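Got your viewer open? Get ready to click through some residues, and keep the selection box handy.

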Amino acid sequence: MRLTVLIALAIFTGIPAKADTRADVTALIRAGNAEAALAATRAPDATAQRGAFSAFDTSHPDVGAASAVLLAAHPGDAHAMVARGWHVLSLGWAMRGTAPIRSVYPEARERMSSLHAEARALAKAAIAEDPSLLPASDLMILAARTSGDTRAIDREFARIMPLAPNRHTLLLAAGGMTPAWGGPPGWGENACQTWAGKIADVADYSTNLCGLDLIFNASSSRQDHQAAFPRLAAFSSPILDGARREHVLSGLMPTDETIAALKAMQNAGELDLRAAQMLDSMLGKQGVGPATRKVLSMEIPRLRTEADFNPGNVFTIGAYVDALYLQSAADDTPVPIKEVETRYAHLFALAPYDGDTWLRYAFLLDRGINYQTVALDRIDEVRSYIVNGVFYTNHAASSLAWLDTFNRTSWDALDRRNVDAVDRTGATAFPKAEFEASIICPTIRAIRMLEAVCAVRPGSEGCPGADDPTSPWPALMARAEARGACEEERTAPAKALAYTPVPVSLPEEG
């Protein structure tokens, strides 16, 4: 299910920065020394410049304030414009959220478009001031990519590569020129043929190596990656290490080869949580296995640092929170719920229209429900977050499917409590009218909405198969009708049942 894992958007920013470079400049910004941070971006080589500018590639409010102060103090300075542009670009992605574009709420799309247009204008002005500033060129390409302006990407690529032929620009441009983003077929192959031999920042960067590089580092197509896995054996270049890792984790290799590769990664200290969990599972380890436990001790501090750096990056926040839950299971200790709430409070503040943020937080709340003791108002509270997620994903079928599952699970579990209570006391655990209002009618409404959405977009993620004989929906509808309950939910036009945002008590930022 889409809600239990983070779906990565195919967006490559990837400013090639050493962690200590970004950390050093970030420390200057957090200390209120914005001028020193700006001075760091004036490093003599492009790699160092990109590393310094990467500290501005975050939605963190301190960076927003610092970049605004710098631009006001140096309105015509290319470096100040680019520093502000990177922050604005990142803020736009936070505003947009993480859902597929069809499921992004219109206000979120508009805010992202406005912010990215601002970033593009800053990049254009910076290039006019300093045509050789590579981070300005990077910013231009990425901002143009957001709007699908492949002509602008192609123009900027053609302008900057003769001045500084480099792999990073090639990857950024190729990512925006893939057919999935509106680019012409064959653009990447032509770019490799023209530029691979001129790129000096990668050893032995042949046309064939370049082609594989673009497949794995500038394309988001899983099918393209899987088709190219057999070609990896012909190359030993370290730029394909990530692709080789992806191959190991893909599940397409023979089991013994996968285990051997994972053990080699373990011996080299290169396991991340996903790889460690895979190794433990393949070795038959139950619960949180030894490899996972060891990696957790290293990954949690790293993920915490990344979460601190960019509180609007839902992927990082999600990965960090997932790791906290995993550590809790490993140690049999309580989840640090206050920290979880603080992280999501930042996300809600930065990205109020991201449906997936609402849904993921609801998922965390759902994990804490004890159906043996839960009260109806708690079910209503958790459902409110899911309903807001449904609304802000434009009633996506996948969101409605989770709402349907949550409702049906609640109905089934609390029905059992009613039966048990009747056996013990002769009365149900919940008054009839309250049970219908909190459990039965919301279930019928979600069923009707999911049916309506799937009728328009059959085959969407979350939609059941046509005429599924195992569907529980007809029986639930019949039960509601037999009770004489939920007439509006059962009979009103689907349009009248569409959801609107529900007031909730958001977690506090602390």
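Let's start with the rings: the structure holds 17 aromatic pairs, where rings of Phe, Tyr and Trp (its six-membered ring) pair if their centres lie within 6.5 Å, and planes under 30 degrees apart count as stacked, over 60 as edge-to-face and the rest as tilted. Before you click on, know that this is a predicted model, in which local features need pLDDT of at least 70, side-chain atom pairs count only at pLDDT 80 or more, and totals for chains, interfaces and linings use all residues. Residues are numbered from 1 along each chain as its sequence is written, and side-chain values use heavy atoms, with hydrogens and water left out.

**Stop 1: rings in pairs**

Select Phe-157 and Trp-195. Their ring centres are 6.4 Å apart and their planes sit at 85°, so this pair is edge-to-face. Phe-157 belongs to helix 8 and Trp-195 to helix 10, so the pair ties together parts that are 38 residues apart in sequence. (Helices here are DSSP runs of H or I, at least four residues, and strands are runs of E, at least two, numbered from the N terminus.) Are these two buried or exposed? Phe-157 counts as buried at 5% relative accessibility, and Trp-195 is buried too, with a relative accessible area of 13%. Buried means under 20% relative accessible area, exposed over 50%, and partly exposed in between (1.4 Å probe, protein chains only).

Now pick Phe-216 and Phe-229. With ring centres 5.7 Å apart and planes at 25°, the pair is stacked. Both of these Phe residues, Phe-216 and Phe-229, are buried.

For a bigger selection, grab the residues of one aromatic cluster, including Tyr-105, Tyr-344, Trp-358 and Phe-391.

**Stop 2: charges over rings**

Go back to Trp-195 and add Lys-198, which lies over the face of that ring, at 5.5 Å from the ring centre. Then try Arg-145, which lies over the face of Trp-181 at 4.3 Å from the ring centre. A charge sits over a ring if NZ of Lys or CZ of Arg is within 6 Å of the ring centre and within 35 degrees of the ring normal.

**Stop 3: helix 8, side by side**

Select residues 150-160, which make up helix 8. Which of its residues are buried? Thr-150, Ala-152, Ile-153, Glu-156, Phe-157 and Ile-160 are. They cover an arc of only 160° around the axis (taken from the directions from the helix axis to the C-beta atoms), which puts them on the same side of helix 8. An α-helix has 3.6 residues a turn, so residues three or four places apart point the same way. Spin helix 8 round, and the face turned away from its buried side carries the exposed Arg-151 and Arg-155. The buried residues pack against helix 6, helix 7, helix 9 and helix 10, with contact meaning heavy atoms within 4.5 Å.

**Stop 4: sulfur links**

How many disulfides does the structure hold? It holds 3, each being a pair of cysteine sulfur atoms within 2.5 Å.

- Cys-192 and Cys-210: the torsion about their S-S bond is about -75°, so the disulfide is left-handed. Cys-192 lies in helix 10 and Cys-210 in helix 11, so parts 18 residues apart in sequence are tied together.
- Cys-441 and Cys-486: the sulfur atoms are 2.0 Å apart, and both cysteines are buried.
- Cys-454 and Cys-463: this link is left-handed, with -95° about the S-S bond.

Number the bonded cysteines in sequence order and the pairing reads 1-2, 3-6, 4-5.
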